[in-house]
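Please look over the structure below. The report that follows covers surface, sheet and loop features in turn.

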Amino acid sequence: MATVYIPTPLRRLTGGQSKVEVPGETVGEVLRNLDAQYPGIAERLFDDNGNVKRFINVFVGDSEIRTLQGLDTRVSEDASISIVPAMAGGQDGRGNGQRAPRPLTREQLMARVLSQIKEISVQDLASLLKQRKDVVVIDIREPHEVEKGQIPGAKVVPRGFLELWIDDLVRRPDQPVVIYCAGGVRSALAAKALQDMGYPNVYSLAGGYSAWEGAGLPTQKPRIFTPEQRERYSRQVILPDVGEEGQAKLLDARVLIVGAGGLGSPVALYLAAAGVGTIGLIDHDRVDLSNLHRQVLYTTEDIGRPKVEVAAERLRAMNPDVNVITYDEPLFSDNALDILREYDVVINGTDNFPTRYLVNDACVLLRKPLVDASIFMFEGQVTVYRPAVPELGIEGGPCYRCLYPDPPPPGEVPSCAEAGVLGVLPGVIGTLQAVEAIKLILGVGEPLVGRLLMYDALSQEFRVLKVARNPECPVCGDNPTIRELIDYEQFCGVPAPRPRTEALASA
Ligand SMILES: [Zn+2]
């Protein structure tokens, strides 16, 4: 048995062994037997003519076999045979028996990467964030590091997902992207990866979060999710446009739903499911048997109970994260501003004109976005009335009064109670309202501002109509004449609602 020393590049074929015992009378026989034991060796050693490749030397003891009898050199029982491929240097010798180069050390790697990427100092990032709104700051640290604090507005992206998500995180490839980690090492490697993908304005934050914090720059504590919340919201948190940052926005959001009926039911259910942290419900109606074909918050057992009470129970049971605030009262000019003021987004789910104008005017005065919808028989409409907020860069669009300066005369437009409504219709339209509310909270997508989405259940068609702000609008126009809430019953020519009337009876 001869002992054969296997060079590193061939050890993959010998299961990592550096020396193996092989029988054989001559060097050639030993090497053929070696190939029999570890297939693939021969083709690395021999050329087509069966000679040892010219860049490989084979030694018996300390003599190269070309100085002896070549492959015919006889070997003794205790001979040692060494296979020594030429050292090429630089190139990976895989496949031709060459020796692999030494891997880079951490220091060599970092020196190389830092010479190839751009770094930004914490002071420069702070002033860049003040000048430009389109800087994307990405925090690639591990969750336990992020928990202690982060740069405000940073998007938390697991390092392993960075290259996969970056396309969704930036709107334009040349947008400035600043990546940070704890100290600037991981972010440098990440910046290199994005740069290699072709993103030209990628920076690694020099010194990382420790430098930012050390410089006394503003930090924020991110919301800490419980394991239960991580599991509950996992399917939407994984969406690049949501993430933990978006989920935190949802949990911090406050949405008021005016009318807990046909439209309000799907809106409330989906917003609660999505984890909208505070949901206000205003409705002073009780559950009626005729509600149940469309108002999916309620069951037969709930008949006669106040709607907001049943709805609150149902939403809390669905998601204990949700704080439900109920108003078992009609919305009037004297309570509307106080109630609406407490919310970020208002959803309209009523079907009477006084409340429509009241909610619209209150939202314009308070500059709150209003997700409006209406349904009639087999048709529905959805739009978002969003007042301009110049200091936040929100352009805004038309309001309800821009579209309908005056209400129809009483009795001209029949209500759902009179004309009927397909029970599924508020499900479709209310769900679209929930989508719009979530988009507004997250700040993603194109809200239905200045667009009226029309749905026809019979033709199963959606159409989008453009609607514009009216500069002459009495409430949101250039010279508004309505600066406070008015008497909407009088304006609409209908009698004022009394408690427990159908006035707020929702769609
Ligand atoms: Zn208007």
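## A loop residue at the surface

Phe 378 sits in the loop between β15 (370–376) and β16 (379–385). The model is predicted. Is Phe 378 buried or exposed? Neither: Phe 378 counts as partly exposed because its relative accessibility is 35%, and the partly exposed class lies between under 20% for buried and over 50% for exposed.

Phe 378 also belongs to a nonpolar patch on the surface. The other members are Met 377, Leu 422, Val 424 and Leu 458. Together the five residues have about 450 Å² of accessible area.

## The five-strand sheet

One sheet is open and has five strands. Their order is β2-β1-β5-β3-β4, and the pairing is mixed. Which strands are at the edges? They are β2 (19–22) and β4 (63–64), each of which pairs on one side only.

Within this order, β5 stands next to β3. Strand β3 (residues 56–60) and strand β5 (residues 80–85) are antiparallel and share five bridges. Phe 59 lies opposite Ser 82 of β5.

In general, the strands of a sheet pair through backbone hydrogen bonds, in either a parallel or an antiparallel sense.

## Parallel pairs around β10

Strand β10 (residues 202–205) pairs with strand β6 (residues 118–120). The two are parallel, with three bridges. Ile 120 faces Leu 205 in β10.

Strand β9 (residues 177–180) is also joined to β10, again by three bridges and in parallel. Here Val 178 stands opposite Tyr 203 of β10. The chain leaves β9, passes through helix α7 (residues 185–197) and arrives at β10. This β-α-β crossover is right-handed.

## From β12 to β13

How many bridges join β12 to β13? There are five, between residues 278–282 of β12 and residues 323–327 of β13, and the strands run parallel. Leu 281 has Thr 326 in β13 as its bridge partner. The connection from β12 to β13 runs through helix α13 (residues 307–318). It is a right-handed β-α-β crossover.

## A buried asparagine

Asn 291 lies in the loop between β12 and α13. Why does Asn 291 count as buried? Its relative accessible area is 7%, and the cut-off for buried is under 20%.

Which residues touch Asn 291, leaving aside neighbours within four places in sequence? The contacts are Arg 286 and Lys 307. Lys 307 falls in helix α13, which spans residues 307–318.

Note on methods:
Residues are numbered from 1 along each chain as its sequence is written. This is a predicted model: local features need pLDDT of at least 70, side-chain atom pairs count only at pLDDT 80 or more; totals for chains, interfaces and linings use all residues. Side-chain values use heavy atoms; hydrogens and water are left out. Two strands pair if DSSP finds at least two bridges between them. Helices (H or I, at least four residues) and strands (E, at least two) are DSSP runs, numbered from the N terminus. A crossover is right-handed if, with the strands pointing away from the viewer, the path from the first strand over the helix to the second runs clockwise. Buried means under 20% relative accessible area, exposed over 50%, partly exposed in between (1.4 Å probe, protein chains only). Contact means heavy atoms within 4.5 Å. Patches are made of residues with over 30% relative accessible area and no salt bridge: like charges are joined within 9 Å, nonpolar side chains (Val, Leu, Ile, Met, Phe, Trp, Tyr) within 5 Å. Accessible areas come from the Shrake-Rupley method with a 1.4 Å probe; for residues, only the protein chains shown count as cover. A salt bridge is a side-chain nitrogen of Lys or Arg within 4 Å of a carboxyl oxygen of Asp or Glu.
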